[in-house]
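Trainee: I'm new to this one and would like a close look at a single part of it. Could you pick a helix contact and walk me through what surrounds it?

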Amino acid sequence: MSRGWIGALTIFAVGVSFLGAAVYSTWQPANGPPNPTSISNQTSLAPTVPSIIPQTSASATVGSKGTALPESAHFELSSRCALCHSFSDLASAMRDSQKQSVAPVDLWQASMMAHSSRDPYWRAVVSAEIAATPNAKAHIEELCTRCHAPMAAPITLSPPGETLAFLKPANRQAKLGLDGVSCTVCHQIQDTNFGKPESFTGHFVLNTESLIYGPHVNPVTMPMQRNVEFTPTHGPHVLKSALCATCHTVVTDAANPDGSPAATQFHEQAPYLEWRNSVFNDEIDQPNPAARSCQSCHMPTSDVAGTAISTKLAHNPGGRDFPFLRDRQPYGRHTLVGGNALMTRILRDNAEALQIEVPKSSFDSALKEIDQMLRYQTGKIELGEIVRMEQSIHVPVTVQNLCGHKLPTAYPSRRVWIQFQVRDATDQIIFRSGGFNENGQLIDQQNQVLPSEFAQGPLLSHFDQIDKSQQAQVYESIMADASGNPTFLLVRGAHFFKDNRLLPQGWLASHRDANSIQPTGLGTDDNFIGGSDLVIYKLALSGTPPFRIEASLHYQVISPRHAAELFTAATPEVASFQSMYNAADTRPELIDQTNRTVD
């Protein structure tokens with residue numbers, strides 16, 4: 001197989017992007033003093049269990065232009081970066097207009113990027129994929145870790161009966177792997193094949209000269225070179241969406257149960273290609289005024305008050321300002337925020353079990369950022385002109401996509417849907433579509449869970465009009481295998497059985513990427529267009545007027561149907577995640593809501 005698949009290659013978040021605004025200056029020497037005010041200066045997050053894999057990482061002495069590392073890239077743990085790039089109350093560096101911390105490591109540490117290799121959902125999915133196609137175990141493991149544990153490459157493949165065994169020992173390779181998508185990954189990616197298929201599916205190219213790229217000219221180089229053998233280097237390409245695309249465009253090949261290839265070139269995740277076919281694309285000669293990069297949304301250069309951040313990029317290892325540094329712009333907040341509230345809560349609430357040493361307050365702050373993005377930057381729902389008849393009513397509902405990609409995008413566990421309901425004067429619900437229970441499962445007006453929520457159940461269609469409580473407009477992608485049957489295994493995915501995810505604004509069917517990411521399963525719905533969809537709700541009226549019409553838009557990063565399908569796999573990783581999932585708040589996140597009263 002030419003590319004293979006990546007078992008669950010997604011960094012869970014709507015439109016998640018790589019680290020864009022580089023931070024330079026000086027890092028802590030290996031034997032230097034700790035920063036007493038840093039919240040990120042503890043020991044490594046790696047588990048302390050016996051080592052079974054020899055150290056494979058490389059190191060080198062770097063001069064003014066860097067010394068090539070011919071065998072492997074030079075990586076460091078984020079804890080080393082934190083000594084100069086975390087918050088210190090003794091310094092003015094890395095503060096916004098409100099004097100609040102915007103230190104890169106402190107913001108990054110609660111992101112899904114930081115926990116890409118600890119993520120229990122990812123581990124569960126990888127194990128389920130291997131269980132489904134055991135002959136392809138080595139291939140799945142290698143490709144799944146290419147983006148989820150990039151600093152551990154090359155990995156030692158797991159022995160029979162184990163999954164991701166190379167992450168279990170306490171040696172340097174495991175520690176680096178467990179540091180996820182860390183500082184010295186994104187900031188060492190060079191602009192080779194950017195935007196081309198050759199760079200997709202984790203085929204980013206790291207420089208071998210220990211160069212740390214960032215957007216600022218004339219960086220101070222000596223302290224970082226001396227302390228950690230890296231050379232800060234002007235690299236404006238870190239602000240390009242094509243950098244994010246190297247892992248956030250996943251092209252896979254389907255396989256048969258015996259591991260043999262069944263189909264090719266399935267664009268299983270493609271937020272970058274969706275963005276390229278939108279008004280947000282800033283890579284063209286004449287970009288739309290609305291154009292902006294992935295980093296602009298997921299690593300904003302303004303603080304929460306809307307003020308552009310201008311600050312020093314580092315303090316010294318003792319926590320005090322370097323006298324020779326000046327404020328820099330742009331400065332990206334390394335929140336890497338998306339829509340993944342569920343997994344952020346699971347990481348926070350299971351930190352001890354997952355051996356995560358991140359303050360609970362950091363996860364709480366990340367959850368606030370996620371809520372703000374979902375509520376104000378993701379989508380809108382509106383009620384159109386209501387047609388009232390004697391015993392019935394027609395209500396047009398329009399949903400708008402505000403994202404720079406499909407809504408939802410990337411990994412096919414995600415969904416967005418409309419909850420529509422009508423109450424009479426006594427507050428009784430006389431009609432409901434898209435309702436949900438405390439477990440986040442879709443229910444009908446009689447509070448019965450829809451059959452589509454269970455493993456091997458029927459699938460919901462795309463609707464242009466809805467007149468029954470058992471119908472619900474759910475925007476999602478459902479894969480199909482090479483025979484055209486629905487599947488929830490990435491290893492089987494050959495094309496999409498259903499893909500009615502909301503298109504971004506400016507979508508063109510004639511665009512060069514359209515064939516790879518076109519919607520499917522829409523029927524004859526002419527109201528499904530770039531940037532929006534219109535659904536007509538037609539229902540008979542009963543009860544006492546006036547009637548209150550309510551419409552809301554909701555998001556789930558893991559649909560109960562996807563969870564149910566995953567839980568059919570009998571692996572230790574699946575069982576572990578299932579216990580965390582069952583204990584979590586799995587109700588959906590609110591994107592937008594509106595209401596109107598009619599007589």
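Mentor: Here is a walk through one helix pair and its neighbours, after a quick glance at the whole protein.

Keep in mind that this is a predicted model. The protein has 15 helices and 20 strands. Of its 599 residues, 60% are buried. Its accessible surface comes to about 22,800 Å², and carbon and sulfur atoms account for 49% of that. Now take the contacts between residues at least 6 apart in sequence: 72% of them join residues at least 24 apart.

The pair I'd pick is α3, residues 120–132, and α15, residues 572–583. Their axes come within 8 Å and cross at roughly 145°. The crossing is left-handed. On the α3 side, the contact is made by P120, Y121, R123, A124, S127 and A128. Facing them from α15 are E573, V574, F577 and M580. Sort the residues of this contact by character and you get seven nonpolar, one polar and two charged.

Next, step back to D119, which sits in the loop between α2 (104–108) and α3. Is D119 buried or exposed? D119 counts as buried because its relative accessibility is 1%, and the cut-off for buried is under 20%. A polar atom of the D119 side chain lies 2.9 Å from the backbone nitrogen of Y121, and Y121 is one of the α3 residues touching α15. D119 also has a neighbour from elsewhere in the sequence: L178 is 59 residues away along the chain, yet the two C-alpha atoms are 9.9 Å apart in space.

One more helix belongs in this picture, and that's α11, residues 341–349. It is mostly covered, with seven of its nine residues buried. Those are A341, L342, M343, T344, R345, I346 and L347. What do the buried residues of α11 pack against? They pack against both helices of our pair, α3 and α15, and also against α12 (360–376) and β20 (589–598). The N-terminal end of α11 has a cap as well: N340 places a side-chain oxygen 3.1 Å from the backbone nitrogen of M343, and M343 is itself among the buried residues of α11.

So if you want a route to follow on screen, try this one. Begin at D119 in the loop leading from α2 to α3, go on to the place where α3 and α15 cross, and finish at α11, whose buried residues pack against both α3 and α15.

Definitions and conventions:
Residues are numbered from 1 along each chain as its sequence is written. This is a predicted model: local features need pLDDT of at least 70, side-chain atom pairs count only at pLDDT 80 or more; totals for chains, interfaces and linings use all residues. Side-chain values use heavy atoms; hydrogens and water are left out. Axes are lines fitted to C-alpha atoms, for helices over the stretch in contact, and angles run from 0 to 180 degrees between N-to-C directions. Helices (H or I, at least four residues) and strands (E, at least two) are DSSP runs, numbered from the N terminus. A crossing is left-handed if the near helix is turned anticlockwise from the far one by less than a right angle, and right-handed if clockwise. Contact means heavy atoms within 4.5 Å. Ala, Val, Leu, Ile, Met, Phe, Trp, Tyr, Cys and Pro count as nonpolar, Asp, Glu, Lys and Arg as charged, and the others, Gly among them, as polar. Buried means under 20% relative accessible area, exposed over 50%, partly exposed in between (1.4 Å probe, protein chains only). Accessible areas come from the Shrake-Rupley method with a 1.4 Å probe; for residues, only the protein chains shown count as cover. A polar contact is a pair of N or O atoms within 3.5 Å; within protein, one must be able to donate a hydrogen and the other to accept it, and residues adjacent in sequence count only if both atoms are side-chain atoms.
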